[in-house]
Amino acid sequence: MTANVGAIDRVLRAALGLALLYLAFFSAQPLFAEPLYKYGAAVIGGVVLLTSAMKICPLYSLLGIKTCKAC
């Protein structure tokens with residue numbers, strides 16, 4: 001797979017992933033006390049953070065989207 005995630009997209013994904021992981025494990029929000037929301041946010045945050053680190057988004061590949069200019 002070739003890289004299809006640009007720099008701005010990567011920064012936004014990293015911020016969103018870190019925010020979701022923080023909310024899931026370190027937040028005192030009552031919503032994230034529920035296991036479904038807690039682990040759901042953790043999984044989604046991990047996946048988003050992983051796609052940011054690898055510069056590859058499988059959904060973008062399926063839809064033919066590229067946000068990087070050098071790709």
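1. What do the buried residues of H1 pack against? They pack against H2 and H3. Keep that in mind while you look around, and keep in mind too that this is a predicted model.

2. Now the overall picture. The protein chain has three helices and zero strands, and reading along the sequence gives the pattern α-α-α. Its C-alpha atoms fill a box of roughly 40 × 20 × 15 Å along the principal axes. Of the 71 residues in the chain, 28% are buried. If you take the contacts between residues at least 6 apart in sequence, 74% of them join residues at least 24 apart.

3. On to the outside. The accessible surface of the protein chain is about 5,000 Å², and carbon and sulfur atoms account for 73% of that.

4. Let's start the tour with H1. This helix runs over residues 7-25 and has 19 residues. From its first C-alpha to its last it reaches 27 Å, close to the 27 Å expected at 1.5 Å a residue. Its buried residues are Asp 9, Arg 13, Gly 17, Leu 20 and Ala 24. They cover an arc of only 65° around the axis, so they sit on the same side of H1. Turn to the other side of H1 and you find Ala 7, Ile 8, Val 11, Leu 12 and Leu 18, which are exposed.

5. A bit of helix geometry helps with that list. An α-helix has 3.6 residues a turn, so residues three or four places apart point the same way. Asp 9 and Arg 13 are a handy example: they are four residues apart in H1, and therefore about one helical turn separates them.

6. Those two residues deserve a closer look. Which side chains meet in a salt bridge? They are the side chains of Asp 9 and Arg 13, with 3.1 Å from N to O. Side chains of opposite charge can pair when their charged atoms come close. The count of salt bridges comes to one. Are the two partners buried or exposed? Asp 9 is buried, and Arg 13 is buried as well.

7. Next comes H2, which covers residues 35-54 and has 20 residues. It reaches 28 Å from first C-alpha to last, close to the 28 Å expected at 1.5 Å a residue. Ala 41, Ala 42, Gly 45, Val 48, Thr 51 and Ser 52 are buried in this helix. The buried residues of H2 pack against H1 and helix H3 (58-63), while those of H1 pack against H2 and H3.

8. Ser 52 is a good spot to see H2 meeting other parts of the chain. This residue is in helix H2. Why does Ser 52 count as buried? Its relative accessibility is 5%, and the cut-off for buried is under 20%. Leaving out residues up to four places away in sequence, Ser 52 touches Arg 10, Arg 13 and Ala 14. Arg 13 turns up here again, having already appeared as the salt-bridge partner of Asp 9.

9. For the nonpolar side of the surface, look at Tyr 22, Phe 25, Phe 26 and Tyr 39, which make a patch of about 510 Å². Tyr 22 is found in helix H1, and so is Phe 25. Tyr 22 counts as partly exposed at 48% relative accessibility. Phe 25 is also partly exposed, with a relative accessible area of 43%.

10. Phe 25 has some partners across the sequence too. Setting aside its neighbours within four places, Phe 25 is in contact with Lys 38 and Ala 42. Ala 42 is one of the buried residues of H2. By contrast, Phe 25 and Gly 64 are 39 residues apart along the chain, and their C-alpha atoms are separated by 34 Å.

11. One last stop, in the backbone. H2 is followed by Lys 55, which is found in the loop between H2 and H3. What is worth checking there is phi: Lys 55 has a positive value of about 65° although it is not a glycine. Most residues other than glycine have a negative phi. As for its surroundings, Lys 55 is partly exposed, with a relative accessible area of 36%.

Key:
Residues numbered from 1 in each chain as written. Predicted model: local features only at pLDDT ≥ 70, side-chain atom pairs only at ≥ 80, totals over all residues. Heavy atoms only, no water. Helix = DSSP H or I, 4+ residues; strand = E, 2+ residues; numbered from the N terminus. Buried < 20%, exposed > 50% of the residue type's maximum accessible area, 1.4 Å probe, protein only. Contact = heavy atoms within 4.5 Å. Areas by Shrake-Rupley, 256 points an atom, 1.4 Å probe, with all protein chains shown as cover. Patch = residues over 30% accessible without salt bridge, like charges linked within 9 Å, V, L, I, M, F, W, Y side chains within 5 Å. Salt bridge = Lys/Arg side-chain N within 4 Å of Asp/Glu carboxyl O. Expected span 1.5 Å × (residues − 1). Arc of directions from axis to C-beta.
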